[in-house]
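Hello,

Here is the structure I promised to pass on to you. Please open it and keep it beside this email while you read.

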Amino acid sequence: MNAMVHKLLGGVYMFTESVKMSISNIMHNRLRSFLTILGVLIGVTAVIALITTVSGVSTSLSDSFTSMGADTMTVSVTGNDMQSGLTAENMNEIAEFDEINGVIPSVSASVAVARGDEYESSVTVMGRNTYFFTENDDAVERGRAITPIDVSESSRVCLIDTDLVEEFFYGVDPIGETLYIDDLSFTVIGIISEDIDETITEMMSDGSGIIVPYTTVLKMNSERYVNSITVYLNELGQQNLDALETKLGEYLDAVFSYEDDTYTISTMESIQEIMDSMLSMMSALLSGIASISLVVGGIGIMNMMLTSVTERTMEIGMKKAIGAKPGQIQVQFLIEAFLLSMIGGVVGIILGIVLSAILCQVMGTTFTISYSAIALGVGFSAAVGILFGWSPARKASKLNPIDALRRM
């Protein structure tokens, strides 16, 4: 029992001494050690920063999809030769499904807007129905929403956002005033509230938005059909999402004579899954590219350790001459390579987190520390130190003490 304890204590002492000697050798060759560590540091920093930043982008996108509504479906229609889209009757029939609360058509047009001497080209007009205002009950800041009569009669009425109010009605109450859209006179019936205004204008290339009855936009575009709708689900629909998708598909198949590729049904869940898959592939690709730096850093460690073995041949010969075993010599050089790699890895992790926090701040995405990325960085660093330190350590352990001592 005492022999085992003695042997264990001896092993701990040898390991401690090896660590001390490794640290001493690293400190003795500061510049060379720094340049060796730099390769691993850059590689780990790149891996951590890329994975964490992509993770932040993924979280932000996920939050955006959630805010857009997990209770919705989007139907995009290409139609066929007989019917190129959905009619008002089709949308009403879909809205009557037990699992559906309502349907909002999405039609738009790029128009020129004028009032007096003021003129703006390429403003986006969005066509919506009355259910849009039911689903977005805070959409109107002042004035009134679009009514069923406005929709059925394709009335030339509009709601404008705050940017257009400032541009065309500065100092004037716009409610009841006339605005010319593509040379057609429209009566302003309301102002879009700032909360929903931000959401709307984010989708607009020019940063401005006008809402009119969707039937009016169809008439302006000389069209009869709607090619995109958002379907809002009730609790029953959310609980039976797959069944509802099948039911809606059967209805659309009948509308378009069972022809293939006439429509697409998308849910936020499916879109998010596709986006997550793409981001995962991007993260893996970028991490693979960044990992090349780690390989370069590992080669640097191997080069330094081989140089160290050559420089310390006499030291190795003396240790072997006084009884040091090949395994002990090998462990000492492995510890030195491991320490070099881990120093670079730890500093790289810190810099990677700082860099990713800055990138997320600049990009306006959510910053979340990725513990899997940190574990990957630590694992990479340890693996680089051991793999690229093994050959020099092996070479040192096989040196003949007689040949080494001849160089004294």
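Below are some notes on one helix and on a few backbone angles.

First, this is a predicted model, where local features need pLDDT of at least 70, side-chain atom pairs count only at pLDDT 80 or more, and totals for chains, interfaces and linings use all residues. Residues are numbered from 1 along each chain as its sequence is written, and side-chain values use heavy atoms, with hydrogens and water left out.

Start with helix 10, residues 241–255. Helices (H or I, at least four residues) and strands (E, at least two) are DSSP runs, numbered from the N terminus. The expected span is 1.5 Å times one less than the number of residues, so the 15 residues of helix 10 should cover 21 Å, and its end C-alpha atoms are indeed 21 Å apart.

Its buried residues (under 20% relative accessible area, 1.4 Å probe, protein chains only) are Leu244, Leu248, Gly249, Tyr251, Leu252 and Val255. Seen down the axis, they fall within an arc of 165° (taken from the directions from the helix axis to the C-beta atoms), so they line one face of helix 10. The face turned away carries Asp242, Ala243 and Glu250, which are exposed (over 50%; partly exposed is in between).

Now the angles. Just after helix 10, Ser257 has a positive phi of about 55°. Ser122, in strand 4 (residues 118–128), also has a positive phi of about 55° although it is not a glycine. Ser122 is partly exposed, at 42%. Asp183, in the loop between strand 7 and strand 8, has a phi near 70° and is exposed, at 74%.

Happy exploring!
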